[in-house]
Structures are given as C-alpha cells and as structure tokens.
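Trainee: I would like to learn how to read a structure feature by feature, beginning with charged side chains. Could you take me through one?

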Amino acid sequence: MNKIGFNVLAWTAAVSDDLFPVIDRLKGIGYDGVEFYLGPQEIAGYQRMGDYTRDLGLETTAVMTLGADENPVSESVEIRQKALDKIKLAVDRAHALNSRIICGPFHSAHTVFVNRPAEDQEYALAGEVLNAAAEYAAQANITFALEALNRFECYLCNTMEQLHKLVKAANHPNVRAMFDTHHSNIEEKNYGTALQTIAPVLAHVHISENDRGTPGSGQVLWDDAFAGLAAINYQGWLTIEAFSRNDPGFANAIGVWREFNEPWDIAENGYQFIREMSLKHGLATSY
C-alpha cells in the first residue's frame, strides 16, 4: 500500500504553529502525511507539530540538507564530525515529529563542488559518517532515504547507480535510498532501468515535476515513472515536492527565482494526479 504525502516546503522551510491551517487543509484533500524540512527551530516546535499531525491522523516524514561546514566527504575530520552531529540533531527533531524517514542529499554538502568527479574515498568517507548516524537513528526507528541530485546541485550522487554505491558504502540497514522524478528526469536515461537499479534499497519517492510545479503539468515521463514503480512493486510514500518563492531565504538557497504554480494548485491537482496515475498503473494507495 502506497501513501500520498506533501512537502510543506511549497510554503516554508520553518516548522511552526503557523502551518497548522495548512496541515488541516492537506488532511481535507486526502493526504496521508506531511513532509517537513529539518531546520534550526527549537525541538519543542517539532514536538507540537508531531502531536498536532498525529491527532489529525496524519503521518510525517522529514527532509534535510547539509552545508559546506558540515560536509561528510570533507578531508577535515572536524567538518565530518560536524556533519555527524548535525544529522544526529536532525534525528532528534524527526523523532519529535514522529517521522520514520529522513530523506534528502545529506551524504554531502549541497551545491559544494571540487571541480572533479567523485572519488571512491569520498564514498567511503560519506559511508562512514552515515553508518555512525544510522546507529543513532536506529534507536528511534528512523531510516535514512538518501537522495541523488542533478549535476548542478551535487557531484557525489547524480544517478541511481551512484546512489546504490553510496548505500552499500554506508553498510547499515537504516541507510537506504530515495527516487526523485525531478532529478531523474535530468540524469537518468530511463526511469524503469533506474528504478530497477535502486529497487533493493528504495525507501521513499518524491513526485516532482521538471519545473517543480504541479505534477502532471510538465515534461516528466509520468507513465514511465509510475510503470517503473509498479514493476518493482514499490510500497511506500509518494510525496510531492514542489517549490515556490513563499520562503525567500530557502528559495534563494535552492535557486528558485520564479513561481511555478500556486501551492494549493500543486497540492489539490497533484493529489488527484497521483491517484489517477497509481490507479492506471496498478499502484495501490490508501484511498
């Protein structure tokens, strides 16, 4: 059974009580869960959000990123330790949210490059940090779903082949992978082949249009994507990740310079689109 989620980054990167009306409306649309960005807010705010979503009957998932000063592939032992510490803090916040999944590209620092391809030693360094972090996450029953990003945001993992290599380097049952239709639209030759590659460790899926707007309104080969998920008998979250300029600081950090679609258009039409495509390709959902 697949569940449908929505990432509130379409509104804000902050987790606060201001999101309660948004959560209520997402529940009314039919969503099974909500995804939050794990930022620097006090843990009490995450606890309140975790309680609020639980009382509404919604589940939660979480997403995080790392910066240059907390990079798991850095040559600096100190910086790698900061990466581990940051991931552990994220685990604490995810636990307060009642999340069982932390997804994202926290295998390396976002948009930090070294002007060469990734080296085996960097996979080993990232794997070491992630293994240690996963030991901590396992105590809270949290799984990491690592994300491959497009070449303009990351050099360590662009494809499912590279991502699978990284998961093997981490060598921990709580370190798994995520498939994102936006990044795969840029980097993969074929959705089906990519999904077959990552299937043994796949734990989470982001449904994201090529322009980050409403799923189904752009150029992503959605039939190929959903057919590929059905072919591997995927059972997990189908979570919409879309962006806007509503949170300027976050938008600037990820290169979002214009509006794609209004967030509620994305939420309402995206939900129906996932339901229709899931039914078409035989992916069971909770509705």
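Mentor: Let us begin with Lys280, in what is a predicted model. Lys280 has a relative accessibility of 56%, and because the cut-off for exposed is over 50%, Lys280 counts as exposed.

Trainee: Which residue does the side chain of Lys280 meet in a salt bridge?

Mentor: The partner is Asp223, with 2.8 Å from N to O. Asp223 belongs to helix H8 and Lys280 to helix H10, so the salt bridge ties together parts that are 57 residues apart in sequence. Asp223 itself is partly exposed, at a relative accessible area of 34%.

Trainee: How many salt bridges does the structure hold?

Mentor: There are 13 salt bridges in the structure. One of them joins Arg25 and Glu268, whose closest N and O atoms are 2.7 Å apart. This pair, too, links distant parts of the chain, since Arg25 sits in helix H1 (residues 20-29) and Glu268 in helix H10, 243 residues apart. Arg25 is partly exposed, with a relative accessible area of 39%, and Glu268 is likewise partly exposed, at 32%.

Trainee: What else does Glu268 touch, leaving out residues up to four places away in sequence?

Mentor: With those left out, Glu268 touches Arg25 and Ile29. As for Thr214, which is 54 residues from Glu268 along the chain, the C-alpha atoms of the two are separated by 9.1 Å.

Trainee: How should I read a salt bridge whose two residues lie in one helix?

Mentor: The general idea is that an α-helix has 3.6 residues a turn, so residues three or four places apart point the same way. In this structure, Arg54 and Asp51 both lie in helix H2 (residues 43-56), three residues apart, which is about one turn of the helix. Their salt bridge has its closest N and O atoms 3.2 Å apart. Both residues are partly exposed, Arg54 with a relative accessible area of 46% and Asp51 with one of 25%. Through salt bridges that share partners, Asp51, Arg54 and Asp55 are joined into one network.

Trainee: Can we turn to a helix with a buried side? Which residues of helix H7 are buried?

Mentor: In H7, which runs over residues 191-198, the buried residues are Tyr191, Ala194, Leu195 and Ile198. They cover an arc of only 95° around the axis, and therefore they lie on the same side of H7. Among the elements that cover these buried residues are helix H5 (160-170), strand S6 (175-180), helix H6 (181-187), strand S7 (202-207) and helix H8 (222-231).

Trainee: Which residue caps the N-terminal end of H7?

Mentor: That residue is Asn190, which has a side-chain oxygen 2.8 Å from the backbone nitrogen of Gly192.

Trainee: And how do I read the nonpolar interior?

Mentor: In soluble globular proteins, nonpolar side chains tend to be buried together. Here the largest nonpolar core has 97 residues, and Leu26, Ile102 and Phe144 are the ones that touch the most other members. Setting aside residues up to four places away in sequence, Leu26 touches Phe6, Val8, Trp11, Tyr31, Val34, Trp264 and Ala267.

Trainee: How many disulfides are there?

Mentor: The count is zero disulfides. For Cys103, which is in no disulfide, the nearest cysteine sulfur is that of Cys154, 15 Å away. For Cys154, also in no disulfide, the nearest cysteine sulfur belongs to Cys157 and is 5.9 Å away. Cys103 is buried, at 0% relative accessibility, and Cys154 also counts as buried, at 2%.

Trainee: Is His206 buried or exposed?

Mentor: His206, which is placed in strand S7, is buried, with a relative accessible area of 0%. Its side chain makes a polar contact of 3.4 Å with the side chain of Glu241.

Trainee: Which residues does His206 touch, not counting those up to four places away in sequence?

Mentor: Counted that way, the residues that His206 touches are Asn7, Glu35, Cys103, Glu147, Met178, Phe179, Asp180, Thr181, Thr239 and Glu241. The list includes Cys103, the buried cysteine that we met a moment ago, and Glu241, the partner of His206 in the polar contact.

Technical notes:
Residues numbered from 1 in each chain as written. Predicted model: local features only at pLDDT ≥ 70, side-chain atom pairs only at ≥ 80, totals over all residues. Heavy atoms only, no water. Buried < 20%, exposed > 50% of the residue type's maximum accessible area, 1.4 Å probe, protein only. Helix = DSSP H or I, 4+ residues; strand = E, 2+ residues; numbered from the N terminus. Arc of directions from axis to C-beta. Contact = heavy atoms within 4.5 Å. Polar contact = N/O pair within 3.5 Å; in protein donor to acceptor, adjacent residues only side chain to side chain. Disulfide = S-S within 2.5 Å. Core = buried A, V, L, I, M, F, W, Y, C linked by side-chain atoms within 4.5 Å. Salt bridge = Lys/Arg side-chain N within 4 Å of Asp/Glu carboxyl O.
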